[in-house]
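This report goes through selected features of one protein model, moving from its surface to its interior. The sequence and the structure are shown first.

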Amino acid sequence: MSKLRIAITADTYPYASDVTNLVRAPFTARGLVDIINELGALPVVLPDVPGAKGEDYVDLFDALIIPGGPDADPTFYGEEPSRHIGSTNYKRDVFEAELFKAFYKAGKPIFGICRGCQFINILMGGSVYQDLAADNPDSYIRHSQGADGSYPTHHVEIAKGSSLYKSLGATAYVNSRHHQGIKKVGEGLTVTAKAADGVVEAIETADGQIVAVQWHPENMWQEHAEMRRLFEDFIGRVAAQK
């Protein structure tokens with residue numbers, strides 16, 4: 001039996017590489033590649049390609065992961081950039097939008113991480129706070145942590161009956177490396193986890209096709225077994241579709 005093939009969208013490294021002296025090289029988190037491989041699936045990292053169509057990719061893969069990265073271009077949710085927005089990558093946004101639409105239409109599992117969670121929400125008609133500190137007065141937790149990125153720093157409450165609840169239970173202790181957050185929830189999505197200050201920490205569809213979290217489990221599974229279950233359950237959903 002052939003391995004499950006998991007597409008992972010790449011971010012873009014904006015500086016010259018010491019090895020090849022190339023600028024704008026595609027990359028993704030090593031921990032994400034490693035966990036997909038450990039679970040017996042084949043991780044394939046996809047750089048953004050100008051003019052690419054999602055239909056050209058969807059039949060090649062069994063599932064899609066949209067990982068962390070820069071802020072989404074606010075024109076995708078009908079806003080101009082505020083003075084508090086961080087770096088953006090419009091080319092990545094366009095490419096991911098193409099892939100997401102094709103995988104969603106095909107009914108294939110989609111997993112979002114941090115920026116991926118926010119961008120999926122945007123593509124489903126939602127929006128984000130361009131900066132939690134500036135735009136959401138109810139946000140009092142430090143969501144862009146000062147601790148090492150692999151360390152958990154705050155708790156989230158998880159909705160009973162959700163896919164996330166089956167993986168992690170009623171609460172989880174998570175890392176937090178984001179300054180934006182979901183504002184308007186996209187159509188067909190349900191909020192399945194929140195921080196104590198009300199910031200959305202996870203969304204999913206009722207059928208479990210989409211599960212997306214605001215934290216970075218790819219940096220935690222090595223020392224926190226419960227975060228490994230997120231990936232195990234994702235691969236389980238992918239296998240069930242075959």
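## A nonpolar patch on the surface

In this predicted model, Tyr13, Tyr15 and Phe27 together make a nonpolar surface patch of about 330 Å². Of these residues, phenylalanine 27 is placed in strand β3, which spans residues 25-27. Phenylalanine 27 has a relative accessibility of 36% and therefore counts as partly exposed, because that class lies between the limits of 20% for buried and 50% for exposed residues.

## Cysteines without a disulfide

The structure holds zero disulfides. Cysteine 114 is in no such bond, and the nearest cysteine sulfur to it, that of cysteine 117, lies 8.1 Å away. Seen from cysteine 117, the closest cysteine sulfur is that of cysteine 114, and the separation of 8.1 Å is too far for a bond, because a disulfide requires the two sulfur atoms to be within 2.5 Å.

Both of these residues are nevertheless enclosed by the protein: cysteine 114 is buried, with a relative accessible area of 5%, and cysteine 117 is buried as well, with a value of 0%.

## Two nonpolar cores

In soluble globular proteins, nonpolar side chains tend to be buried together. The largest nonpolar core in this model has 31 residues, and the members that touch the most others are Ile6, Ile65, Leu164 and Trp215. Helix α7, covering residues 225-241, gives the most to this core, contributing six residues. Apart from this core lies another, which is made of 23 residues, among them Tyr57, Leu99, Ala102 and Ile120.

What surrounds leucine 164, once its neighbours within four places in sequence are left aside? Leucine 164 is then in contact with Ile158, Gly169, Thr192, Ala193, Ala202, Glu204, Val213, Trp215 and Leu230. Trp215 thus appears both in this list of contacts and, with Leu164, among the core members that touch the most others.

## The surroundings of proline 109

Proline 109 is placed in the loop between α3 (90-105) and β6 (110-113), and with a relative accessible area of 3% this proline is buried. Leaving aside neighbours within four places in sequence, proline 109 is in contact with Asp62, Ala63, Leu64, Gln209, Phe234, Arg237, Val238 and Gln241.

Proline 109 can also be related to lysine 242: these two residues are 133 residues apart in sequence, whereas their C-alpha atoms are 11 Å apart in space.

Terms used
Residues are numbered from 1 along each chain as its sequence is written. This is a predicted model: local features need pLDDT of at least 70, side-chain atom pairs count only at pLDDT 80 or more; totals for chains, interfaces and linings use all residues. Side-chain values use heavy atoms; hydrogens and water are left out. Patches are made of residues with over 30% relative accessible area and no salt bridge: like charges are joined within 9 Å, nonpolar side chains (Val, Leu, Ile, Met, Phe, Trp, Tyr) within 5 Å. Accessible areas come from the Shrake-Rupley method with a 1.4 Å probe; for residues, only the protein chains shown count as cover. A salt bridge is a side-chain nitrogen of Lys or Arg within 4 Å of a carboxyl oxygen of Asp or Glu. Helices (H or I, at least four residues) and strands (E, at least two) are DSSP runs, numbered from the N terminus. Buried means under 20% relative accessible area, exposed over 50%, partly exposed in between (1.4 Å probe, protein chains only). A nonpolar core is a set of buried Ala, Val, Leu, Ile, Met, Phe, Trp, Tyr and Cys residues joined through side-chain atoms within 4.5 Å. Contact means heavy atoms within 4.5 Å.
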